[in-house]
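Take a look at the chain below. This report starts with its domains, then turns to its helices, its overall build and a few single residues.

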Amino acid sequence: MVMIPRNPTVGIPGDEVIVPALMKLGFLGEFLGNEGGAPPNRTSYSVGPRYLELFDLLPKPVGRHVVDFERTAHIEFIGSEFTEPPKCPWCRFELEDFGAVLDEWSHDRQNYRWSCPFCEFEDALWWLDWHRFSGFAGFAIYCWGVAEPPDVLLHTLAGCTDTEWTYLFYKL
Ligand SMILES: [Zn+2]
């Protein structure tokens, strides 16, 4: 499961703002390491004492749980072979050839607008319906092997970053 800001163009504060809020919630434990240092970089944390409870994952599943923060220099598309064609949020038109659209978007990630051929919808690609399998982000929180996030977690993130959050299920 990956948590991302709903609007990827909004500036997100540094880890020093987000980490204490998530530790207070019992979601994050200790700092484990940093790969990269400059974007793209990945910072890992152990899970906090309330992590499994927050996700309603009791009894405890096997395996080591880690939370990764990833920051990239540009807005990136988070997708995989499971990415399904997105739909227009207004008329449900299915954008089958989304690969070509992503290609076009990659030339002007901040400003690219997609126009629906069947209705008046015209907006950035992240406002299409990607069925929670894909998304767009410059900052993402990866939680491996868990279910949908509880409201308190999304609200805590919204509170400390001053922007709305959403989530998706990223399958490798
Ligand atoms: Zn449409």
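## Two domains

The domain assignment splits the protein chain into domain 1 (2–79 + 131–168) and domain 2 (85–129). Keep in mind that this is a predicted model. The C-alpha centres of domain 1 and domain 2 are 26 Å apart.

What does each domain bring to the contact? Domain 1 supplies eight residues, and domain 2 supplies six residues. On the side of domain 1 that touches domain 2, strand 4 (66–78) and strand 7 (135–143) each provide at least two residues. Strand 4 gives the most to this side, with three residues. By residue type, the side of domain 1 that touches domain 2 has four nonpolar residues, four polar residues and no charged ones.

## The chain as a whole

How many helices and strands does the protein chain have? The secondary structure comes to four helices and eight strands. Along the sequence, they follow the pattern β-α-β-β-α-β-α-β-β-β-α-β.

Now for size. The C-alpha atoms of the protein chain fill a box of roughly 50 × 35 × 30 Å, taken along the principal axes. The protein chain has 172 residues, and a compact globule with that many would have a radius of gyration near 16 Å. The protein chain has 17 Å, so the value agrees with a compact globule.

Of the 172 residues, 24% count as buried. Contacts can also be sorted by sequence separation. Take the contacts in the protein chain with a separation of 6 or more: residues 24 or more positions apart account for 70% of them.

## Two helices that cross

Two packed helices are described by the angle between their axes and the distance between the axes. Helix 1 (residues 15–24) and helix 4 (residues 151–161) can be described in this way. Their axes come within 9 Å and cross at roughly 145°. The crossing of helix 1 and helix 4 is right-handed.

Which residues meet here? Helix 1 brings Val17, Ile18, Ala21 and Leu22, while helix 4 brings Thr156, Cys160 and Thr161. The contact of helix 1 with helix 4 is made of five nonpolar residues, two polar residues and no charged ones.

## Three single residues

Most residues other than glycine have a negative phi, and most peptide bonds are trans. Two arginines have a positive phi instead. Arginine 92 is not a glycine, yet its phi is positive, at about 70°. Arginine 132 is not a glycine either, and its phi is positive, at about 60°.

Where do they sit? Arginine 92 lies in the loop between strand 4 and helix 3. Arginine 132 lies in the loop between strand 6 (122–123) and strand 7.

Glutamate 96 is found in the loop between strand 4 and helix 3 (98–105). Glutamate 96 and aspartate 151 are 55 residues apart in sequence. In space, glutamate 96 and aspartate 151 are 32 Å apart, C-alpha to C-alpha.

Are these residues buried or exposed? The table gives the neighbour counts.

| Residue | Other C-beta atoms within 10 Å | Class |
|---|---|---|
| Glutamate 96 | 10 C-beta atoms | exposed |
| Arginine 92 | 11 C-beta atoms | exposed |
| Arginine 132 | 15 C-beta atoms | partly exposed |

A residue counts as exposed if 12 or fewer other C-beta atoms lie within 10 Å of its own. Glutamate 96 has 10, so it is exposed. Arginine 92 has 11, so arginine 92 is exposed. A residue is buried at 20 or more, and partly exposed in between. Arginine 132 has 15, so arginine 132 is partly exposed.

Notes:
Residues are numbered from 1 along each chain as its sequence is written. This is a predicted model: local features need pLDDT of at least 70, side-chain atom pairs count only at pLDDT 80 or more; totals for chains, interfaces and linings use all residues. Domain bounds come from an automatic or database domain assignment. Two residues are in contact if their C-beta atoms, placed from the backbone, lie within 7 Å. Ala, Val, Leu, Ile, Met, Phe, Trp, Tyr, Cys and Pro count as nonpolar, Asp, Glu, Lys and Arg as charged, and the others, Gly among them, as polar. Axes are lines fitted to C-alpha atoms, for helices over the stretch in contact, and angles run from 0 to 180 degrees between N-to-C directions. A crossing is left-handed if the near helix is turned anticlockwise from the far one by less than a right angle, and right-handed if clockwise. The radius of gyration is taken over C-alpha atoms; the globule rule is 2.2 Å times the number of residues to the power 0.38.
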